[in-house]
Amino acid sequence: MLQQDLTSRIIKAAYNVHSILGPGFSGKTYQKSLVVELHKMGIKAQRETLVPIYYRSLLVDEFQVDILVEDMIIVKLETSETLHLAHEELLGNYLTASKKNVGLLINFGNLVEVKRKYRVN
């Protein structure tokens, strides 16, 4: 499956979750529900996955991502009124450190808000 098709399906799943649950739940509730929705769609998704951080091609640390989809797309979840630049920067750092190319920042606020982020080589 192409990354563009996969990101579109992840976004659709997020809208499905929000349409069923609505606003006001914890991030963990949306995280677990989104993984269930993705699995229902036949998409491999793992929550709270440890992703390695590389520095000069050496493994130096690891961080926990909200959801890792098909071992290639990092999904960061928020439950804020609105997304902020700091949320986007953190996702960008995750992409750079992990050497993953695509990330999605999904906010389950009053409305679903989505930002796609790409790693620049």
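Are Y30 and F108 buried or exposed? In this predicted model, Y30 is buried, and F108 is buried as well.

## Confidence of the model

Across the protein chain the pLDDT averages 93, and 98% of the residues score at least 70. Among the elements, helix α2 (residues 27–40) has the highest mean pLDDT, at 98, whereas strand β1 (residues 45–55) has the lowest, at 89.

## The aromatic cluster

The structure holds 3 aromatic pairs. In one of them, the ring centres of F25 and Y30 lie 6.1 Å apart with their planes at 85°, an angle over 60°, so this pair is edge-to-face. The partners differ in their burial class: F25, at 38% relative accessibility, counts as partly exposed, while Y30, at 0%, counts as buried.

Y30 also pairs with F108, and here the arrangement is stacked, with 4.4 Å from centre to centre and 0° between the planes. This second pair links distant parts of the chain, since Y30 belongs to helix α2 and F108 to strand β4, 78 residues apart. Together, F25, Y30 and F108 form one aromatic cluster.

## The nonpolar cores

The largest nonpolar core has 23 residues, and those with the most contacts inside it are I10, L34, V69, V75 and I106. At least two residues of this core come from each of α1 (3–21), α2, β2 (58–69), β3 (73–78) and β4 (102–108), and α1 gives the most, with 6 residues.

L34 shows how these elements meet: leaving aside its neighbours within four places in sequence, L34 is in contact with I10, A13, A14, V17, I67, V75, L77 and I106. Apart from the largest core lies another, of 12 residues, which includes V65, L91, Y94 and L95.

## Helix α1 and its two faces

The 19 residues of α1 should span 27 Å at 1.5 Å a residue, and the end C-alpha atoms of the helix are 27 Å apart, in agreement with that expectation. Its buried residues are L6, T7, I10, I11, A13, A14, V17 and H18; seen down the helix axis, these buried residues fall within an arc of 155°, so they line one face of α1. An α-helix has 3.6 residues a turn, so residues three or four places apart point the same way.

The buried residues of α1 are covered by elements including α2, β2, β3, β4 and β5 (112–118). On the face turned away from this buried side, α1 carries the exposed residues Q4, K12, S19 and I20. After α1 comes G22, whose phi is positive, near 75°.

Key. Residues are numbered from 1 along each chain as its sequence is written. This is a predicted model: local features need pLDDT of at least 70, side-chain atom pairs count only at pLDDT 80 or more; totals for chains, interfaces and linings use all residues. Side-chain values use heavy atoms; hydrogens and water are left out. pLDDT is the predictor's confidence in each residue, from 0 to 100. Helices (H or I, at least four residues) and strands (E, at least two) are DSSP runs, numbered from the N terminus. A nonpolar core is a set of buried Ala, Val, Leu, Ile, Met, Phe, Trp, Tyr and Cys residues joined through side-chain atoms within 4.5 Å. Buried means under 20% relative accessible area, exposed over 50%, partly exposed in between (1.4 Å probe, protein chains only). Contact means heavy atoms within 4.5 Å. Rings of Phe, Tyr and Trp (its six-membered ring) pair if their centres lie within 6.5 Å; planes under 30 degrees apart count as stacked, over 60 as edge-to-face and the rest as tilted. The expected span of a helix is 1.5 Å times one less than its number of residues. The arc is that of the directions from the helix axis to the C-beta atoms.
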